[in-house]
Amino acid sequence: MIIQERIAFAVVAALTLTISATTATSDASLRDPTILQVTDDNIPNVYHRKFLKDALLLGTEERFKIFMKKYNKEYGSREEYVHRLGVFAKNIVRAVEHQAMDPTAVHGVTQFMDLTEDEFERMYTGVVGGGAHVEGVTTSFVEAGGLPGSFDWRKKGAVTDVKMQGACGSCWAFSTTGAIEGAHFIATGKLLNLSEQQLVDCDNKCDMVDKRACDDGCGGGLMTNAYRYLMEAGGLEEEGSYPYTGKRGECKFDKEKIAVKVANFTNIPIDETQIATHLVHHGPLAVGLNAIFMQTYIGGVSCPLICGKKWINHGVLLVGYGAKGFSILRFGYKPYWIIKNSWGKQWGEEGYYRLCRGHGMCGMNRMVSAVVTQVS
């Protein structure tokens with residue numbers, strides 16, 4: 001690990017020197033392949049990909065003002081403005097570091113650039129309890145083989161539109177509802193938009209092993225806890241009858257308005273072939289992962305050189321996989337997972353994240369679960 005960290009430091013240092021040198025060189029030098037993805041004028045979504053070049057020319061504060069306008073940011077005082085400007089400047093450096101460590105993706109200015117790492121994790125992630133499997137839940141192995149080269153549940157109508165959790169650590173609730181929405185569609189052919197707010201307000205279940213890992217609204221939770229709550233409560237309402245507010249309130253669950261009932265759930269083995277097999281045969285899967293590179297992610301296939309696999313802090317929905325995500329470092333086309341996030345369509349690839357497949361990247365294989373709905 002020490003050697004890897006030294007290599008990473010060397011890569012970042014070299015990239016920083018390269019960027020610094022651009023202030024005294026022509027536009028041609030800005031097309032250095034090591035920073036091409038964030039400066040190339042010929043790639044679509046120009047605002048993001050040339051943010052480093054613009055920052056050099058316009059200055060950090062000017063770029064910050066553009067950021068504020070783009071994402072409708074307002075601050076209550078001069079002191080807060082100055083503080084957020086400083087955070088923004090640090091995150092520009094982090095984006096450069098992320099680009100060096102994750103060159104197959106594009107990293108740049110996102111709506112989270114005025115948040116510290118701690119603020120971002122607290123407000124926009126929300127998985128608690130790490131990557132431990134839940135005791136008493138059977139881990140399911142299925143016969144693998146004959147899988148298609150690429151697969152996408154969105155194309156089959158099993159996935160609702162990208163949602164927005166807001167500044168609330170409720171990702172676990174969105175991951176849960178996404179899995180249930182997909183399972184219900186597969187069982188009935190009907191795609192329902194289910195209520196995250198019911199889980200945020202009403203679910204306080206704790207993990208059967210780690211009693212400190214409890215569902216706590218915007219304070220975080222676990223998808224497996226949520227399944228257990230729903231099995232005991234009787235089911236889940238639709239978004240229309242129990243709409244999302246982005247904050248925890250009084251539980252208003254009405255059994256008369258239950259739309260979907262959960263019959264059972266299971267953890268999926270860490271083997272990614274097993275994950276792909278369950279995905280294809282049983283529907284979208286709830287997944288926990290390490291979101292450290294997601295704060296600056298713009299697009300492309302994320303395949304970081306180093307990404308901790310044991311610290312799981314964000315719940316998402318696995319909806320498919322592809323076979324041809326280009327990888328610079330690995331010299332060719334590599335497969336990737338297609339992941340639905342809950343940060344709105346302004347983030348990532350219209351709300352989606354592509355993560356390289358086959359490496360247990362960022363711990364995405366450590367907390368995977370499938371759910372079965374009850375058909376009456």
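A disulfide is counted here when a pair of cysteine sulfur atoms lies within 2.5 Å.

**Entry 1: ground rules**

I am working from a predicted model, in which local features need pLDDT of at least 70 and side-chain atom pairs count only at pLDDT 80 or more, while totals for chains, interfaces and linings use all residues. Residues are numbered from 1 along each chain as its sequence is written, and side-chain values use heavy atoms, with hydrogens and water left out.

**Entry 2: disulfides**

How many disulfides does the rule give? I get five disulfides. I numbered the bonded cysteines of the chain in sequence order and read the pairing as 1-5, 2-6, 3-4, 7-9, 8-10. I then looked up three of the links.

I started with Cys 168 and Cys 218, whose sulfur atoms are 2.0 Å apart. The torsion about their S-S bond is about -95°, so this disulfide is left-handed. Cys 168 sits in the loop between β2 (151–152) and α7 (171–188), and Cys 218 in the loop between α8 (196–202) and α9 (223–233), so the bond ties together parts that are 50 residues apart in sequence. I take helices (H or I, at least four residues) and strands (E, at least two) as DSSP runs, numbered from the N terminus. For exposure, I call a residue buried under 20% relative accessible area, exposed over 50%, and partly exposed in between (1.4 Å probe, protein chains only). Cys 168 is buried, at 1% relative accessible area, whereas Cys 218 is partly exposed, at 23%.

Next I checked Cys 303 and Cys 356, which are joined with an S to S distance of 2.2 Å. Here the torsion about the S-S bond is about 70°, so the disulfide is right-handed. The link connects distant parts of the chain, 53 residues apart: Cys 303 is in the loop between β6 (297–302) and β7 (314–327), and Cys 356 is in strand β9 (residues 352–356). Both Cys 303 and Cys 356 are buried.

The third link I looked at joins Cys 307 to Cys 362, S to S 2.1 Å. The link is right-handed, with 120° about the S-S bond. Cys 307 lies in the loop between β6 and β7, and Cys 362 in the loop between β9 and β10 (367–374), so parts 55 residues apart in sequence are tied together. I noted Cys 307 and Cys 362 as buried.

**Entry 3: Cys 171**

Why does Cys 171 have no bond to Cys 168? The closest cysteine sulfur to that of Cys 171 is in Cys 168, at 9.2 Å, which is too far for a bond. Cys 171 is buried, with a relative accessible area of 0%.

**Entry 4: β10 and its partners**

I count two strands as paired if DSSP finds at least two bridges between them. Strand β4 (residues 258–267) runs antiparallel to β10, and six bridges join them. In this region I found Phe 265 opposite Val 371 of β10. Strand β5 (residues 285–289) also pairs with β10 in the antiparallel sense, over three bridges. Gly 288 stands opposite Met 367 in β10. I found β10 mostly covered, with six of its eight residues buried.

**Entry 5: α9**

Helix α9 is mostly covered, nine of its eleven residues being buried. The buried residues include Met 223, Tyr 227, Arg 228 and Ala 233. After α9 comes Gly 234, with a positive phi near 115°.

**Entry 6: salt bridges**

I score a salt bridge when a side-chain nitrogen of Lys or Arg is within 4 Å of a carboxyl oxygen of Asp or Glu. The structure holds eleven salt bridges.

Glu 80 pairs with Arg 84, the closest N and O atoms being 2.8 Å apart. The two are four residues apart in helix α5 (residues 78–101), which separates them by about one helical turn. Glu 80 is partly exposed at 28% relative accessible area, and Arg 84 is buried at 11%.

Arg 94 bridges to Glu 117, with closest N and O atoms 3.7 Å apart. Arg 94 is in helix α5 and Glu 117 in helix α6 (residues 117–124), so this salt bridge ties together parts that are 23 residues apart in sequence. Arg 94 is buried at 10%; Glu 117 is partly exposed at 44%.

I also looked up Asp 152 and Arg 154, whose side chains meet in a salt bridge at 2.8 Å, N to O. Asp 152 is buried at 10%, and Arg 154 is partly exposed at 34%. Lastly, I found Glu 80, Arg 84 and Glu 119 joined into one network by salt bridges that share partners.
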